[in-house]
Amino acid sequence: MTELRIIFMGTPEFAVPSLEILVEHKYNIVAVITAPDKPQGRGQKLSYSPVKEFAIKHNIQVLQPPNLKAPEFLDQLKSLNSNLQIVVAFRMLPEVVWSMPSLGTFNLHASLLPQYRGAAPINWAIINGEKETGATTFFLKHEIDTGSIIFQVKEPIGSDDDAGTVYERLMKKGAELVLKTVRAIEQNNYPSVPQSEANETKHAPKIFKETCEIKWDQKSDQVKNFVRGLSPYPGAWMTVAGKVFKIFKVSAVKSSESFERPDDARTPGDVHTDNKNYIHIKTADGWVALQEIQPEGKKRMTVLEFFRGNKLVV
């Protein structure tokens with residue numbers, strides 16, 4: 001059995017359960033590497049990353065290098081004499097960093113690789129209407145998310161799941177997978193299977209604001225998947241009467257509830273509302289009902305809550 005000296009790299013909430021489970025099982029975490037503190041809020045007060053907050057509470061050394069190639073950081077990293085590095089929701093590492101420990105560096109990725117390589121795997125799996133996703137641990141190599149797979153775990157995606165609910169479940173399952181991987185490496189008994197290059201590999205590129213605008217010329221099911229794949233963050237959006245509305249939840253409207261008239265050639269994106277109970281939007285093959293929205297400059301609310309003090313000018 002190999003005695004492990006682990007360096008853990010991560011920044012957001014998603015990484016905390018993976019670090020926590022290793023601490024609970026008494027693994028030797030010699031240091032945590034996380035993003036530099038960022039000013040936040042009106043006062044621009046410096047805030048710690050969730051991983052840094054956890055590390056401080058558990059008296060773990062924290063490093064926050066602005067530059068991962070800086071000689072002083074690399075010297076510090078070598079001096080820690082780590083033999084295993086674990087990466088969960090961190091930035092890309094230069095080879096000089098990921099190749100340093102004798103047992104390698106492994107990453108936790110929130111998809112079933114080789115599918116959904118990239119920055120936003122949970123979002124894109126839901127947007128594309130997948131019924132299943134999962135998590136993968138794999139060893140790092142040059143090309144992003146392409147290294148040899150150690151372990152995988154599957155996770156179903158329900159029809160009412162959104163990015164937030166799947167994120168929560170994979171955050172916990174991913175932590176268990178990290179523990180399983182560390183135990184296998186500790187015992188020097190683990191698989192390392194090269195990734196197959198599927199003919200139809202789907203990707204998960206970073207999502208930007210312009211990516212999130214709803215395209216109403218798609219079918220209702222596609223619109224629903226798009227909305228839930230971006231909910232609660234960063235949020236799909238549309239413009240009504242010059243104002244931006246974030247849309248967090250929609251449902252398909254039954255044909256008996258739609259409002260097409262024989263003399264009305266409605267086009268995708270057209271809005272129909274009674275300003276009391278519903279907002280319906282035309283899609284390529286029917287209508288969807290908005291259920292949870294966030295008007296510009298206001299908080300998230302249901303459509304019924306919106307109508308208590310507002311009207312929609314179409």
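**View 1. The protein chain of this predicted model is built from 8 helices and 15 strands**. Taken along the principal axes, its C-alpha atoms fill a box of roughly 75 × 50 × 30 Å. The chain has 314 residues, and buried residues make up 50% of them. Look at contacts between residues at least 6 apart in sequence: 64% of these join residues at least 24 apart.

**View 2. The surface of the protein chain exposes about 16,400 Å²**. Carbon and sulfur atoms supply 50% of that exposed area. The chain also carries 39 positive and 36 negative charges, and the mean positions of the two sets are 4 Å apart.

**View 3. Here is an open sheet of 7 strands with mixed pairing**. Following the strands across, you meet them in the order β5-β2-β1-β6-β7-β8-β9. At the edges stand β5 (62–63) and β9 (149–156); each has a single partner strand, so one side of each is left without a neighbour in the sheet.

**View 4. Moving in on the same sheet, we find strands β1 and β2 running parallel**. Strand β1 covers residues 6–10 and strand β2 residues 29–33, and 4 bridges join them. To find your way within this pair, start at Ile-7, which stands opposite Ala-31 in β2.

**View 5. Arg-308 lies in the segment after α8 (303–307)**. Is Arg-308 buried or exposed? Arg-308 is exposed, because its relative accessible area is 70%, and the cut-off for exposed is over 50%. Between Arg-308 and Phe-138 there are 51 Å in space, C-alpha to C-alpha, and the two are 170 residues apart in sequence.

How values were computed:
Residues numbered from 1 in each chain as written. Predicted model: local features only at pLDDT ≥ 70, side-chain atom pairs only at ≥ 80, totals over all residues. Heavy atoms only, no water. Helix = DSSP H or I, 4+ residues; strand = E, 2+ residues; numbered from the N terminus. Buried < 20%, exposed > 50% of the residue type's maximum accessible area, 1.4 Å probe, protein only. Contact = heavy atoms within 4.5 Å. Areas by Shrake-Rupley, 256 points an atom, 1.4 Å probe, with all protein chains shown as cover. Lys, Arg positive; Asp, Glu negative; His and termini not counted. Charge placed at Lys NZ, Arg CZ, Asp CG, Glu CD. Pairing = 2+ DSSP bridges.
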